[in-house]
Amino acid sequence: MIDLEVEIVDLDSMHVVAAMGYGPEPEYEAWDSILEFARDQQIDPWDQTHRFFGFNNPDPVPDRPAYGYEQWMTVDDSITALPPLETKEVSGGRYAKTHIQGLGTIGEAWQSLVRWCGEHGLEIAGDREPCLEEVLTPVDQPTDQWELNLYLAVDGN
């Protein structure tokens, strides 16, 4: 079990470009699409004005190795994307947030965050995407050096 530092935060609504990946490792496909979009738009994705959130969509299941992953990049309201990418308005909300380094412990960190919320009487919110992974460092680094914030949507105060 991982010992997490957790805080309750409110995320603002966001204007995002969304990319989908599907397969045994769909995150890379989604990331490639987002970063190609940024290059085509002459956007520096790591200039500290953009945020990156991703989540499983659909979730993996034990008997199916392929699953989906949706990757968002926050952009100015004037930016739109063409298919297969989408432009979305994402509502904000209250989240339990924790920070991890590296992808090696992400599964265990998610389990610990869910457990933490239960121990603190917090219900997982069903009115928005419940599990967001925010990557804070450029993804061309080794995955054990990635800095991530994990957000679990919660109801109430």
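**Notebook: loops, cores and long-range pairs**

Q48 is exposed, with a relative accessible area of 71%. I am working from a predicted model.

**Entry 1. Positive phi**

I started with the backbone at Q48. Its phi is positive, about 75°, although Q48 is not a glycine. I then placed Q48 in the loop between α1 and β3. Which other residue did I find with a positive phi although it is not a glycine? Q42 has one, at about 55°. Q42 is also in the loop between α1 (26-40) and β3. Is Q42 buried or exposed? Q42 counts as exposed, because its relative accessibility is 76% and the cut-off is over 50%. I noted the background: most residues other than glycine have a negative phi, and most peptide bonds are trans.

**Entry 2. Cis peptide bonds**

Next I checked omega. The bond from N57 to P58 is cis, with omega near 0°. P58 sits in the loop that links β3 (52-56) to β4 (67-74). I found a cis bond from P83 to P84 as well, with omega near 15°. Where is P84? I located P84 in the loop between β4 and β5 (86-90).

**Entry 3. Layout of the chain**

I counted two helices and eight strands. In sequence order the pattern reads β-β-α-β-β-β-β-α-β-β. The radius of gyration is 15 Å, close to the 15 Å from the globule rule for 157 residues, so the chain is as compact as a globular protein of that length. Along the principal axes, the C-alpha trace spans about 45 × 35 × 30 Å.

I then looked at contacts between residues at least 6 apart in sequence. Of these, 70% join residues at least 24 apart.

**Entry 4. Surface and charge**

How much of the chain is buried? Buried residues are 46% of the 157. The accessible surface comes to about 8,800 Å². Carbon and sulfur atoms hold 48% of that surface. For charge, I noted 8 positive and 31 negative side chains. The centres of the two sets lie 4 Å apart.

**Entry 5. The nonpolar cores**

In soluble globular proteins, nonpolar side chains tend to be buried together. I looked for such groups here. The largest nonpolar core has 33 residues. Which residues have the most contacts inside this core? They are V17, F37, M73 and L113. The elements giving two or more residues to the core are β2 (14-23), α1, β6 (93-101), α2 (106-119) and β8 (147-153). Of these, α2 gives the most, with six residues.

I took a further look at V17. Leaving out residues up to four places away in sequence, V17 touches I34, F37, Q71, W72, M73, V75, I79, A81, L85 and E86. A separate core of 14 residues lies apart from the largest one. L11, V16, A18 and L132 are among its members.

**Entry 6. E70, in β4**

I picked E70, which lies in strand β4. Is E70 buried or exposed? It is buried, because its relative accessible area is 4% and the cut-off is under 20%. Beyond four places in sequence, E70 touches A18, A19, M20, F53, G54, F55, N57 and K88. One of these, N57, precedes the cis bond to P58. I also paired E70 with G21. They are 49 residues apart along the chain, and their C-alpha atoms are separated by 6.5 Å.

**Entry 7. E89, in β5**

E89 lies in strand β5. At 60% relative accessibility, E89 counts as exposed. Which residues does E89 contact outside its neighbours within four places in sequence? They are M14 and H15. E89 and V17 are 72 residues apart in sequence, and C-alpha to C-alpha they are 9.0 Å apart. V17 is the core residue from Entry 5.

**Entry 8. A153, in β8**

I closed with A153, in strand β8. A153 is buried, with a relative accessible area of 0%. Not counting residues up to four places away, A153 touches R94, Y95, E123, I124, A125, R128, E129 and P130. I also checked A153 against D10. The two are 143 residues apart in sequence and 9.6 Å apart in space, C-alpha to C-alpha.

Methods:
Residues are numbered from 1 along each chain as its sequence is written. This is a predicted model: local features need pLDDT of at least 70, side-chain atom pairs count only at pLDDT 80 or more; totals for chains, interfaces and linings use all residues. Side-chain values use heavy atoms; hydrogens and water are left out. Helices (H or I, at least four residues) and strands (E, at least two) are DSSP runs, numbered from the N terminus. Buried means under 20% relative accessible area, exposed over 50%, partly exposed in between (1.4 Å probe, protein chains only). A nonpolar core is a set of buried Ala, Val, Leu, Ile, Met, Phe, Trp, Tyr and Cys residues joined through side-chain atoms within 4.5 Å. Contact means heavy atoms within 4.5 Å. The radius of gyration is taken over C-alpha atoms; the globule rule is 2.2 Å times the number of residues to the power 0.38. Accessible areas come from the Shrake-Rupley method with a 1.4 Å probe; for residues, only the protein chains shown count as cover. Lys and Arg count as positive and Asp and Glu as negative; His and the chain ends are not counted. The place of a charge is taken as NZ of Lys, CZ of Arg, CG of Asp or CD of Glu.
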